[in-house]
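Subject: Structure for your review

Dear colleague,

Please find below the structure that I am handing over to you. My notes on what was found in it follow directly after.

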Amino acid sequence: MRLSIHLIRVDCQGYEPLHIKYAVGGQQILPLKTHIMCKMAGTGGQSNALSIMITVKNLSKYYRIGSETIRALSNINLEIERGEICCILGPSGSGKSTLLNQLAGLEKPTKGAVYIGKSNISRMTEDQLAIFRQRHIGFVFQSYNLLPAMTAAENVAMPLLFRGASRITRERESATMLKKVGLGNRLTHRPSQMSGGQQQRVGIARAFVANPKIVFADEPTGNLDTKTTMEVMELMVKMC
């Protein structure tokens with residue numbers, strides 16, 4: 001059975017990764033044994049100051065296909081704290097992408113609600129969600145979603161452009177971020193001139209360049225070979 005991985009990084013600035021949680025299947029979140037135990041910087045291991053960043057309350061998502069009702073998610077309850085890295089694992093069709101889309105506000109739930117901080121994103125309009133995502137959320141996609149006519153630096157700078165940053169700021173920050181992901185010599189390369197692993201590094205740089213509170217990654221290594229997968233996973237954890 002093939003398992004795919006989705007990652008959620010929550011406001012890790014100043015923190016090392018605290019927990020990894022798993023979800024298997026579409027019916028229930030299953031927090032398992034913590035695989036990475038780290039501490040807040042400078043706290044001597046005390047982590048009780050962490051706050052809840054994402055709250056899912058009684059979340060359900062149903063789809064109508066002809067006369068049949070498909071239950072993709074059923075009564076999900078979940079809390080993700082600041083500083084956590086959450087992995088959602090499960091076979092194809094188990095509801096992972098649906099859950100991720102709900103958390104990111106890309107789909108509306110049938111029942112229940114998703115809160116990011118104190119904001120109920122399930123009740124936001126599409127315009128409100130667009131502004132909210134620009135300010136608070138970054139994305140890493142399986143298929144990279146780079147604009148083919150733009151250079152690596154220009155692709156990375158897109159979130160800053162939407163925030164109204166000046167050209168000088170965009171160029172400086174995108175170059176700095178590309179150097180952090182090991183692509184300092186690829187600033188002017190276009191996607192067609194880069195390997196899959198390099199394109200995904202550009203995607204990671206784009207997700208983190210505006211210092212979002214949350215980063216969602218939808219099967220970020222699905223199109224990569226085993227060696228590159230490990231490199232990309234390690235890079236994303238390091239970027240937190």
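Which element supplies the largest share of the lining of the largest pocket? In this predicted model, that element is strand S9 (137-141), which contributes four residues to the lining.

The largest pocket encloses about 440 Å³ of space. Its lining consists of 18 residues, and those nearest the centre are Ile 137, Phe 139, Pro 159, Phe 162 and Arg 206. At least two lining residues come from each of helix H2 (126-136), S9, helix H4 (158-162) and H6. By character, the lining comprises 11 nonpolar, four polar and three charged residues.

Turning to the interior, the largest nonpolar core has 28 residues, and Leu 178, Val 202 and Ile 204 are the members that touch the most others. Two or more residues of this core are given by each of H3, helix H5 (167-180), helix H6 (196-208), strand S10 (214-218) and H7. Another core, of 24 residues, lies apart from it; among its members are Leu 103, Leu 129, Ile 137 and Phe 216. Ile 137 is also one of the residues nearest the centre of the largest pocket. In soluble globular proteins, nonpolar side chains tend to be buried together.

Val 202 deserves a separate note. Leaving aside residues up to four places away in sequence, Val 202 touches Leu 146, Ala 152, Asn 155, Val 156, Leu 178, Leu 183 and Met 194.

Two backbone conformations should also be mentioned. Most residues other than glycine have a negative phi. Asn 58, although not a glycine, has a positive phi of about 50°. Asn 58 belongs to strand S4 (residues 52-65) and is partly exposed, its relative accessible area being 44%. Tyr 144 likewise has a positive phi, near 75°. Tyr 144 is found in the loop between strand S9 (137-141) and helix H3 (152-156). Is Tyr 144 buried or exposed? Its relative accessible area is 11%, so Tyr 144 is buried.

Finally, Lys 227 lies in helix H7 (residues 226-239). Lys 227 counts as exposed because its relative accessible area is 59%, the cut-off being over 50%. The side chain of Lys 227 makes a polar contact of 2.6 Å with that of Glu 231. Gly 197 is 30 residues away from Lys 227 along the chain, and the C-alpha atoms of the two are 9.7 Å apart.

With kind regards

Terms used: Residues are numbered from 1 along each chain as its sequence is written. This is a predicted model: local features need pLDDT of at least 70, side-chain atom pairs count only at pLDDT 80 or more; totals for chains, interfaces and linings use all residues. Side-chain values use heavy atoms; hydrogens and water are left out. Buried means under 20% relative accessible area, exposed over 50%, partly exposed in between (1.4 Å probe, protein chains only). A polar contact is a pair of N or O atoms within 3.5 Å; within protein, one must be able to donate a hydrogen and the other to accept it, and residues adjacent in sequence count only if both atoms are side-chain atoms. A nonpolar core is a set of buried Ala, Val, Leu, Ile, Met, Phe, Trp, Tyr and Cys residues joined through side-chain atoms within 4.5 Å. Contact means heavy atoms within 4.5 Å. On a 1 Å grid over the protein atoms alone, a cavity is a set of points where a 1.4 Å probe fits but cannot get out, and a pocket is an open set with protein on both sides within 12 Å along at least five of seven lines; lining residues have an atom within 4 Å of a point. Grid points are joined across faces, edges and corners, and a volume is the space filled by probe spheres set on the points. Ala, Val, Leu, Ile, Met, Phe, Trp, Tyr, Cys and Pro count as nonpolar, Asp, Glu, Lys and Arg as charged, and the others, Gly among them, as polar.
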